[in-house]
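Colleague: Could you take me through one part of this model up close? I'd like the parallel sheet and whatever sits around it, and then a quick tour of the rest.

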Amino acid sequence: MSYPKRYLITSALPYANGLKHVGHLAGAYIPADIYVRYLRAQKRDVVFVCGSDEHGTAIPIQAMKEGTTPQAIIDKYHFAMKQDFADLDISFDIYHRTSSPLHHETAQEFFTYLNDRGELETKETEQYYDEEAKSFLADRYIKGTCPNCGSDRAFGDQCENCGTTLSPDELINPVSTLSGNPPVKKKTTHWYLPLGKHEQFLRTWILEQHKDDWRNTVIGQCKSWIEGGLQSRAVTRDLDWGIALPSSLKGGLGKVLYVWFDAPIGYISATKQWAIDNGKDWKPYWQDKETKLVHFIGKDNIVFHCIIFPIMLKLHGDILPDNVPANEFLNLEGDKMSTSRNWKLEMRDYINDFVKKENGGGQCVDMLRYYLTQIAPETKDSEFTWKGFQDAVNSELVSVFGNFVNRTWVLMHKLCNGKVPVFHNDLIDDQDKQLIADITASKEKVESLLEQYKFREALYEVIDLSRKGNQYMQKKEPWILAKKLAPLNPPQGGTSESGNMKRSLNIDDTKAPPSEGFGEASSLEGREAAQKSIDNCLHLCLQLSANLTVLIHPFLPNTAQKMLHMMKVVDKILDWKNAGSLKLLSVGYSLREPQLLFRKIEDAEIAEQMEKLKAGLVKAETGSLTAGQAGQKSDLTPQASDLKPQIQYDDFTKLDLKVATIIAAEKVAKADKLLKLEVDLGFEKRIIVSGIALHFKPEDIIGKQVVIVANLAPRKMKGIESNGMILMAEDKDGKLKFINPDEASANGSSVS
RNA sequence: CGCGAAGUAGAGCAGCGGUAGCUCGACGGGCUCAUAACCCGUAGGUCGGGAGUUCGAUCCUCCCCUUCGCAACCA
């Protein structure tokens, strides 16, 4: 098999507007790290790059939310994320950032190169502009009806309903999501990347050349995009946060590169920075055909990495990705992860609770890496549960893998003097041969699975090999053989050299036989035979352990290090070529005392995490990063700071609040959350549409008295005109309750 | 309603045209070197329902049912 000359591996650039959760970790970082560690162990030439993505409209928005500047936001999250990855042993060769001058330069150069060669189009267009918010509207902030499927859930960039990629102009009845007003058109010039020109290239490259080696989910998505028609995409934006267009460019003033354009170029600038730092040349990594480029991403990123960025790379004369093993999403305890609802497990939270303190350190990093790999959403969405985490750790890592290593070491110390025993070739039996064959086979399986990005299965193979070790040991039962060895009880007390069986063999043959009739076995020959059997068994178990070290290392680096320590060997042994070898530990070499590789996860710990998760549902979002801002907010109780600005009595009197009774209620078709209510105000009956369908069944609320805002301007929702608004109280866990008079009142009574 | 995803042993998942499999759990047994760990065995499934294609379907086609998701953020 011939291998590429070098590898460039990327993990999706995390967006610097908040901390990242374990879903991100499982999707793009752990798989990449495993792959890279494996490649390094193979002694391949590999560079693993990542960095923070720091541009785009969401950064200034986050800054507003946190009451600070965009620069402060990106600094805060860049360093926080970098630290998280370091704490979880994601072994980037460089973790860069797109706000760096080098990146700005690189992205500008890239843009200029394409523009100079006429690969970009410019168009003066009328862009949507929100006069109230005084800004051009990012695609995502415009909502309307999809021209393709007619859904009203289409956004300016993509339809949520049918998945079609859109541009804002195609939307029917656009509305600004900032102010709720229809935006106005305003003239502006922008540069576009005409994707459509490259359709044939994409069809050939993806749908033909990669139809067998790329994941189905990836191919499927690409196909639907290509077949949906590829629109030109604007490369520039009217915004003040981002990479300015080159100053030489006419009409470029006040515009920046669209973040999707500059972000993937971040992989290139990161590589450049790495090259500078390490005295290397970055060019071959992006331009030499013998480089294998692999992007690890989540499924939401497929279009950029499989369609858009490759077109850019092609036009720029760079190499194309060899594979884009995108993962699906990871759910959490039955629900989608969500930043706004705070239903998530941030890397930082796990680090604080498990990795730091005396709570486990590195082994806890490996536990998380283990579980996230074991449930990796490689083929479909999967789910993180704390119970699942506990089970995986306790019954696989602790009981199978850790226990095998531990019992091997303990027995070796007890029965072989703490040294690697000799293997007596003349006594080799079928079980030994089988185990040896299993070791070789495992190495090959793991290797082949890793080359195919099947991390889940590869990890299973490693654990399964340790399971085979347990089975082998069980059949060999060295502890039974030990009974035949030494009826001699070592002198009580003393230094208790319990592993001194061999010596006892020599001095022992005059002693009385053991009480339980080992007559034959206690003969000298019997004892020697027993010792030889023990030697063979433990020799293989030790070699197996050494193999496990090599094989587990890409997945669980801390564990591998711990095992190296126990074996008193150097990192060199982790070279992948050592896997499958039965000569990793030399005969007679003395090994350290065993250390437990993993601790168990207690019930109380997962109970605590579940509580936290549920409590987090109401936690203020800004509270998640405790360091930083002047430490306010994030309490569970409502605070003065939640209050809106003061109003005058006159403002209040503008509201016409009335008591009414719900006399009819039904669900609104095509809307999950809306109920159409008819209320009796005494003097009239009217229709109100209310977004409470998730909380109440229509039949349960008929007859309920409520307070409504009676003079609210009518508004159409789902084609139904709503005349007023029902007042509700929302408590901490998001539950809604009606506001009503404490005794029944006449319909139409005013509230003041 | 529509779109997407999914429905396989108690749970979590593999398999995807030819005797239904893994992990956990349950039960029984063995062992005691080991973090009450390990090993062996047993039970438990007409692979959501129906029709079709086929010599043959869990796997292909069609219809139906059920579940989840479909504001934003996001791997």
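Modeller: Here is the sheet, followed by its surroundings and some other spots in the chain.

Keep in mind that this is a predicted model. The sheet you're asking about is an open one of five strands, ordered β3-β2-β1-β13-β14, with parallel pairing. At its edges stand β3 (94-97) and β14 (321-323); each has a single partner strand, so one side of each has no neighbour in the sheet. On average, neighbouring strands here are turned by 35° against each other, direction ignored.

Let's zoom in on the β3 end. Strands β2 and β3 pair in the parallel sense over four bridges, and Ser52 has Arg97 in β3 as its bridge partner. Two helices come into the picture here. Helix α3 (residues 70-87) lies across β2 and β3 and runs at about 170° to β3. Helix α7 (residues 259-278) packs on the sheet as well, touching β1 (6-11), β2, β3 and β13 (291-296), and its direction makes about 125° with that of β3.

Ser52 deserves a stop of its own. It's found in strand β2, which covers residues 45-52. Is Ser52 buried or exposed? Its relative accessibility is 0%, and since anything under 20% counts as buried, Ser52 is buried. Its side chain makes a polar contact of 2.9 Å with the side chain of Tyr95. Leaving out residues up to four places away in sequence, Ser52 touches Pro14, Ala16, His78, Met81, Tyr95, His96, Arg97 and Thr98. So Tyr95 turns up both as a polar partner and in that contact list, while Arg97 is there as a contact and also as the bridge partner.

Strand β2 has an aromatic story too. The count of aromatic pairs comes to 35. In one of them, Phe48 and Phe92 have ring centres 4.8 Å apart and planes at 55°, so the pair is tilted. Phe48 lies in strand β2 and Phe92 in the loop between α3 and β3, so this pair ties together parts that are 44 residues apart in sequence. Both Phe48 and Phe92 are buried. For a contrasting geometry, look at Trp205 and Trp214: their pair is edge-to-face, at 5.3 Å centre to centre with 85° between the planes. Trp205 and Trp214 are buried too. Ring pairs also link Phe110, Phe111, Trp191, Tyr258, Trp260, Phe261 and Phe304 into a cluster.

Phe110 leads us on to His316, which has Phe110 among its contacts along with Glu109, Tyr113 and Leu114, again not counting residues up to four places away in sequence. His316 sits in helix α9, which spans residues 302-316. With a relative accessible area of 11%, His316 is buried. Its side chain joins that of Asp318 in a polar contact of 2.6 Å.

Another helix to look at is α10 (residues 347-355). Why call it largely enclosed by the rest of the structure? Because seven of its nine residues are buried. They are Met347, Arg348, Tyr350, Ile351, Asp353, Phe354 and Val355.

Now for the antiparallel side of things. An open sheet of four strands runs in the order β5-β4-β9-β10, with antiparallel pairing. Its edge strands are β5 (135-136) and β10 (232-234), each pairing on one side only. Strand β9 (residues 184-194) pairs with β10 in the antiparallel sense over three bridges, and Leu193 has Arg233 in β10 as its bridge partner.

Further along the chain, strand β18 (residues 675-680) and strand β19 (residues 685-690) run antiparallel, joined by six bridges. Lys676 stands opposite Val689 in β19. The hairpin of β18 and β19 has four residues between the strands, and Gly682 takes a positive phi near 85° there.

To put all this in context, chain A has 21 helices and 26 strands. Of its 752 residues, 52% are buried. Among contacts in chain A with a separation of 6 or more, 73% come from residues 24 or more positions apart. The chain exposes about 34,800 Å², with carbon and sulfur atoms supplying 50% of it.

Methods:
Residues are numbered from 1 along each chain as its sequence is written. Chains are lettered from A and ligands numbered from 1 in the order in which they are written. This is a predicted model: local features need pLDDT of at least 70, side-chain atom pairs count only at pLDDT 80 or more; totals for chains, interfaces and linings use all residues. Side-chain values use heavy atoms; hydrogens and water are left out. Buried means under 20% relative accessible area, exposed over 50%, partly exposed in between (1.4 Å probe, protein chains only). A polar contact is a pair of N or O atoms within 3.5 Å; within protein, one must be able to donate a hydrogen and the other to accept it, and residues adjacent in sequence count only if both atoms are side-chain atoms. Contact means heavy atoms within 4.5 Å. Two strands pair if DSSP finds at least two bridges between them. Accessible areas come from the Shrake-Rupley method with a 1.4 Å probe; for residues, only the protein chains shown count as cover. Axes are lines fitted to C-alpha atoms, for helices over the stretch in contact, and angles run from 0 to 180 degrees between N-to-C directions. Rings of Phe, Tyr and Trp (its six-membered ring) pair if their centres lie within 6.5 Å; planes under 30 degrees apart count as stacked, over 60 as edge-to-face and the rest as tilted.
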